[in-house]
Amino acid sequence: AEDLAKAVLIGTITSALGFAWKQSTSISYTISTTSLNPRNGMPRLPNIKCYNLNGPLFFGSAQQFSSLFNAKEDPETIVI
């Protein structure tokens, strides 16, 4: 009975780690940039960069999520 409990515990931990790994690599995204150029006499509007994310966002995907952004090249306004 004790060996069975250990086997179930090890199986549960292994399954949870496998699930977390699979979910952390399943983020997909698209990036679009919009430049709004107003007519003469109107104030200039900011460029907007839009990140459209698909997939689970949790601690396991944090590194992949943060690698999407480039603060030096992104405009001042972004939408996630």
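What share of the contacts in the protein chain with a separation of 6 or more comes from residues 24 or more positions apart? Let's work it out, along with two further exercises.

Some ground rules: this is a predicted model, where local features need pLDDT of at least 70, side-chain atom pairs count only at pLDDT 80 or more, and totals for chains, interfaces and linings use all residues. Residues are numbered from 1 along each chain as its sequence is written, and side-chain values use heavy atoms, with hydrogens and water left out.

**Exercise 1.** Find that share of contacts.

*Solution.* Start with the term: a contact means heavy atoms within 4.5 Å. Residues 24 or more positions apart then supply 54% of the contacts with a separation of 6 or more.

**Exercise 2.** Set the radius of gyration of the protein chain against that of a compact globule.

*Solution.* Take the radius over C-alpha atoms, and the globule rule as 2.2 Å times the number of residues to the power 0.38. For 80 residues a compact globule would come near 12 Å, whereas the protein chain has 22 Å. Next, look at the principal axes: the C-alpha trace spans about 80 × 20 × 15 Å.

**Exercise 3.** Describe the surroundings of K49.

*Solution.* First locate K49: it lies in strand β2 (residues 48–54), a strand being a DSSP run of E with at least two residues, numbered from the N terminus. Then check accessibility: K49 counts as buried because its relative accessibility is 16%, and buried means under 20% relative accessible area (1.4 Å probe, protein chains only). Finally, list partners: beyond its neighbours within four places in sequence, K49 is in contact with residues including I31, T33, D74 and I78.

Notes. Buried means under 20% relative accessible area, exposed over 50%, partly exposed in between (1.4 Å probe, protein chains only).
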